[in-house]
Amino acid sequence: MPKAAIATAVGSPLEIVDVDVADPKAGEIRIQMGASGVCHSDLSVVNGVLPIALPAVLGHEGAGTITQLGEGVDNLSIGDHVVVSWVPQCGVCFHCERDEGELCEVGSMASMSGGLLDMTSRVSRDGVPVSVMAASGTFAEEAIIPAIGAVKIDASIPLTAGALIGCGVLTGFGAAVNTASIRKGDTVVVIGCGGVGLNVIQGAKHAGAERIIAVDMVDGKLATAKKFGATDIVNPSTDGDAVAKVMELTGRGADVAFEVIGLGATIEQALQMTRRGGQAVIVGVPSFDTMLSINPAMDLLVNEKQIRGCWYGSSNVHRDVPMLAGLYSSGNLMLDELMSAQISLDGVNDAMANMGSGEIARSVIVF
Ligand code: PAD
Ligand code: ZN
């Protein structure tokens, strides 16, 4: 029986248990998980910030090897290495046709349901169904996922690197390259320099940003941010108010400010740090009852600022995963540097507890 890390109640540590994983239905595949990153969104389920039906196998940043094909899957083969997409993308719905794959109608419903495309999960424990996070559930030795949620990568790419692409990189890099409108020479601010924020930084650099101001409360995170391309660093716990500091550094504010934490206060800061005519991009996931205090007349009208959300880096995974894997292969995407610790499935609770540490960018479970 495969082992999986499941959340049973909000506020309780994940339990490592044996689970049953049924055969893939039509249009699904079984994968043997090779690696899974530990993302803040997993911790947000444990904290109750992200509501999903429990018990549930957590994990949504994974890559593995296909071991079984459900009926009708003819574009993938047993033995293929695949990155798991936590929004399965059908390619033909209203949103996919408009290059908004991250909003795929079929995949979004599944992603929120705790199950797969038919809203049911293939995982159970002692006969009781167990949900899977985001149509994936990558904290498990085996998973059944929709075939449209799998993207083949070259076997030369380590599955650890593939896993990181699956959430943190697609989201962060995509926030800079797809969601935001960064122009060559722009000044950007990235508030929150964890696993996702570091990828916003490397994406912003790739998009041609000249000045990248990293904001974080932990010096170790800021030191890593510099390695990923930050040109300036601000630690509000020692440098004082982050908005004032960014204004002092930039004169008029940033062309684009990204919030990559998930707090109302820092989202408001991102908007305040944005220059007239600039853009604030929300990447961090706040609790669902968070409300903002913004001044529509001044900020949105007179100063013509834009505020927009970023779901999954506005990524078309079938296009962007191979593109990112290619950048990694050619030495133009830092993935090995992102993986600060390789752990076993048993270490997942410690990894979540250590997420705030300055030494950790991303912990990766290796199966
Ligand atoms: P992380 O815990 O690795 O990083 C968060 C960073 O924020 C850490 O470096 C903290 O030190 C820093 N931080 C916390 N509070 C403050 C503060 N008040 N001021 C400045 N810095 C602070 O998380 P992550 O990078 O894995 O995820 C970041 C967020 O992105 C989180 O909310 C997660 O749920 C969200 C996310 N969104 C999507 C999406 O599609 N939009 C996808 C994946 C993750
Ligand atoms: Zn994630």
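Q: Donors are N, O and S atoms within 2.8 Å of the metal, or 3.2 Å for Na, K and Ca; water is not among the atoms, so sites may look incomplete. Which residues coordinate the zinc ion (ligand 2)?
A: The model is predicted. In this model, the distances from the zinc ion (ligand 2) to its donors run from 2.0 to 2.3 Å. Two of the donor atoms are SG and one is NE2. The coordinating residues are Cys-39 (SG), Cys-167 (SG) and His-60 (NE2).

Q: How are the donor residues of the zinc ion (ligand 2) spaced in sequence, and how many residues apart are His-60 and Cys-167?
A: The donor spacing is written C-x20-H-x106-C. His-60 sits in the loop between β5 (56-57) and β6 (61-69), while Cys-167 belongs to helix α4 (residues 159-179). The pair therefore links distant parts of the chain, and both residues are buried, which means under 20% relative accessible area. Along the chain, His-60 and Cys-167 are 107 residues apart.

Q: Is strand β4 (residues 28-37) largely enclosed or largely open, and how many of its residues are buried?
A: A residue counts as buried when its relative accessible area is under 20%. Strand β4 covers residues 28-37, ten residues in total, and it is largely enclosed by the rest of the structure because so many of them are buried. The number of buried residues is nine.

Q: Which residue in β6 is the bridge partner of Ser-36?
A: Strands of a sheet pair through backbone hydrogen bonds, either parallel or antiparallel. β4 and β6 run antiparallel and are joined by eight bridges. In β6, the residue that partners Ser-36 is Gly-62.

Q: Which residue in β10 is the bridge partner of Ile-31, and which in β19 is the partner of Gly-37?
A: Strand β10 (residues 142-146) pairs with β4 in the antiparallel sense over five bridges. Strand β19 (residues 362-366) also pairs with β4 in the antiparallel sense, over three bridges. The partner of Ile-31 in β10 is Ala-143, and the partner of Gly-37 in β19 is Val-364.

Q: Which are the edge strands of the open sheet of six strands?
A: The order of the six strands is β2-β1-β5-β9-β8-β3, with mixed pairing. An edge strand here pairs on one side only. The edge strands are β2 (15-18) and β3 (20-21).

Q: Which residue in β2 is the bridge partner of Ala-5?
A: Strand β1 (residues 3-7) and β2 run antiparallel. Four bridges join these two strands. Opposite Ala-5, the bridge partner in β2 is Ile-16.

Q: Which residue in β13 stands opposite Ile-191?
A: Strand β12 (residues 187-191) and β13 pair in the parallel sense over five bridges. Strand β13 (residues 211-215) is largely enclosed by the rest of the structure, because four of its five residues are buried. The residue of β13 that stands opposite Ile-191 is Val-215.

Q: Which residues form a nonpolar patch on the surface?
A: Together the patch has about 300 Å² of accessible area. One of its members, Trp-311, lies in the loop between β17 (306-309) and α11 (317-329). Trp-311 is partly exposed because its relative accessible area is 35%, between the limits of 20% and 50%. The patch is formed by Leu-103, Met-112 and Trp-311.

Q: Which side chain is joined to that of Thr-290 by a polar contact?
A: Thr-290 is found in the loop between β16 (274-282) and α10 (296-302). At 28% relative accessibility, Thr-290 is partly exposed. Its polar contact is 2.9 Å, and the partner side chain is that of Ser-287.

Q: What separates the C-alpha atoms of Thr-290 and Gly-326?
A: Thr-290 and Gly-326 are 36 residues apart along the chain. The separation of their C-alpha atoms is 38 Å.

Q: Which peptide bond is cis, with omega near 0°?
A: Most residues other than glycine have a negative phi, and most peptide bonds are trans. Pro-55, in the loop between α1 (40-47) and β5, is one of the two residues of the cis bond. The cis bond runs from Leu-54 to Pro-55.

Q: What is the phi of Asp-99, and what is the phi of Ala-134?
A: Asp-99 lies in the loop between α2 (94-97) and α3 (105-113), and is partly exposed at 45% relative accessible area. Ala-134 lies in the loop between β9 (128-132) and β10, and is buried at 10% relative accessibility. Neither residue is a glycine, yet phi is positive in both. The phi of Asp-99 is about 60°, and that of Ala-134 is about 50°.

Methods: Residues numbered from 1 in each chain as written. Chains lettered and ligands numbered in written order. Predicted model: local features only at pLDDT ≥ 70, side-chain atom pairs only at ≥ 80, totals over all residues. Heavy atoms only, no water. Patch = residues over 30% accessible without salt bridge, like charges linked within 9 Å, V, L, I, M, F, W, Y side chains within 5 Å. Areas by Shrake-Rupley, 256 points an atom, 1.4 Å probe, with all protein chains shown as cover. Salt bridge = Lys/Arg side-chain N within 4 Å of Asp/Glu carboxyl O. Buried < 20%, exposed > 50% of the residue type's maximum accessible area, 1.4 Å probe, protein only. Polar contact = N/O pair within 3.5 Å; in protein donor to acceptor, adjacent residues only side chain to side chain. Pairing = 2+ DSSP bridges.
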